[in-house]
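The following exercises concern disulfide geometry, helix packing and surface character. Each task is followed by a solution in steps.

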Amino acid sequence: MALIRRGTCPFQTKVENAVAAGAIGVVIMNEGTDRRTDAFSGTLRQPAAIPVVGISYEHGHSLDIAGRTDGATVRLAVDAVTEKRRSRNVLADTPAGSDGSLIVVGAHLDSVLEGPGINDNGSGAAAVLEAALRLVREPTRARGRVRFAFWGAEEQGLVGSRQHVDSLSEDDRRHIVLYINLDMVSSPNFVRFVQGSAATDHAPVAIARRELVADFRQHSLTVEERAGGRYGSDDISFSEKGIPTVGLYTGASGLKSESQAGVFGGVAGRPYDPCYHRACDTIDNVNREVLKQNTRALLRALDALVSEIP
């Protein structure tokens, strides 16, 4: 039986390595840091040939100690259902610049079973929809084309966005110069994050980051920039294919630091979203003002991108 700690590489990779090493079952313990202490569930891109479960850090730590000292006998029983369900992406393209560069703006539509998902991710979907409606009402001197995407089954392993990107030809993917992701943009104990690719020599990335940050600062709003890495949402589907990404985000289960509370307000030591993946993620869990701020910044960035990118 393989006992593995959560973090760093994807669950799929952990399980495949365990199977290759001869494991008959996999127990993944939580990390024990940044509120990642409880039992949890995860997603595998492909079905596993052996049972896989997630347990709390405390439980995993006790198994680890027992295994290193007197040895531990583990009995693992899994009662699960495997089934196929239908999911859909909703896509809409602007007509301008159909033969030129393509900018994709996306947010996932689904939520987890535990909650209605109004912040995660009704907020991101609302911002993308509002941006699409504004561009229709206020035509610009657009040169580039924009695809507005509403992804299905993100919570089940980025299924919708991966299916879309994988279905594109190499030529179609080359036309996508930037993907902008909005996932949780109205967290109640928020931080305004601008995150994604750090390649400032890539014009669309540079323009998007410049305009997003400029809009916040123009309105005397603090913003925290994060560069590099992949952030666990539909941006991964694009970055895996070499497509640069930028995203707006206000935080999930991570704890707000003292320094962040000092500049953004809110409560240090508390989650950015205390209702993340919980039943209380209702309309009352939305910070409407920060949602408005993120939507306004997105619109400014899109206006600059479609005007400057051929």
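A disulfide is taken here as a pair of cysteine sulfur atoms within 2.5 Å. The model under study is predicted.

**Exercise 1.** Determine how many disulfides the rule yields, and state which handedness the link of Cys275 and Cys280 has.

*Solution.*
1. The sulfur atoms of Cys275 and Cys280 lie 2.1 Å apart. Because the cut-off is 2.5 Å, Cys275 and Cys280 form a disulfide.
2. The count by this rule comes to one disulfide.
3. The angle about the S-S bond is -115°, and the link of Cys275 and Cys280 is left-handed.

**Exercise 2.** Classify Cys275, Cys280 and Cys9 as buried, partly exposed or exposed.

*Solution.*
1. The limits needed are under 20% relative accessible area for buried and over 50% for exposed, with partly exposed in between.
2. Cys275 has a relative accessible area of 11%, so this residue is buried.
3. Cys280 is partly exposed because its relative accessibility is 29%.
4. Cys9, at 32% relative accessibility, likewise counts as partly exposed.

**Exercise 3.** Assign Gln12 to its helix, decide whether this residue is buried or exposed, and list its contacts beyond four places in sequence.

*Solution.*
1. Gln12 belongs to helix H1, which spans residues 11-20.
2. Its relative accessibility is 12%, so Gln12 counts as buried.
3. Once neighbours within four places in sequence are set aside, Gln12 is in contact with Leu44, Arg45 and Gln46.

**Exercise 4.** Describe what packs against the buried residues of helix H4 and what covers those of helix H3.

*Solution.*
1. Helix H4 comprises residues 159-167, and its buried residues are Gly160, Ser161, Arg162, His164 and Val165.
2. These residues pack against two strands, E4 (90-93) and E6 (145-151), and against two helices, H5 (170-175) and H7 (235-239).
3. Helix H3 runs over residues 118-137, and its buried residues include Asn119, Asp120, Asn121, Val128 and Leu135.
4. The cover over the buried residues of H3 includes strands E5 (102-108), E6 and E7 (176-182), together with helix H9 (288-308).
5. Strand E6 thus appears in both settings, packing with H4 and covering H3.

**Exercise 5.** Locate Met1, classify its accessibility, and identify which residues share a nonpolar surface patch with this residue.

*Solution.*
1. Met1 lies in the segment before strand E1 (2-5).
2. Its relative accessibility is 44%, so Met1 counts as partly exposed.
3. Met1 forms a nonpolar patch on the surface with Ile24 and Val74. Together these residues have about 280 Å² of accessible area.

Note on methods. Residues numbered from 1 in each chain as written. Predicted model: local features only at pLDDT ≥ 70, side-chain atom pairs only at ≥ 80, totals over all residues. Heavy atoms only, no water. Buried < 20%, exposed > 50% of the residue type's maximum accessible area, 1.4 Å probe, protein only. Helix = DSSP H or I, 4+ residues; strand = E, 2+ residues; numbered from the N terminus. Contact = heavy atoms within 4.5 Å. Patch = residues over 30% accessible without salt bridge, like charges linked within 9 Å, V, L, I, M, F, W, Y side chains within 5 Å. Areas by Shrake-Rupley, 256 points an atom, 1.4 Å probe, with all protein chains shown as cover. Salt bridge = Lys/Arg side-chain N within 4 Å of Asp/Glu carboxyl O.
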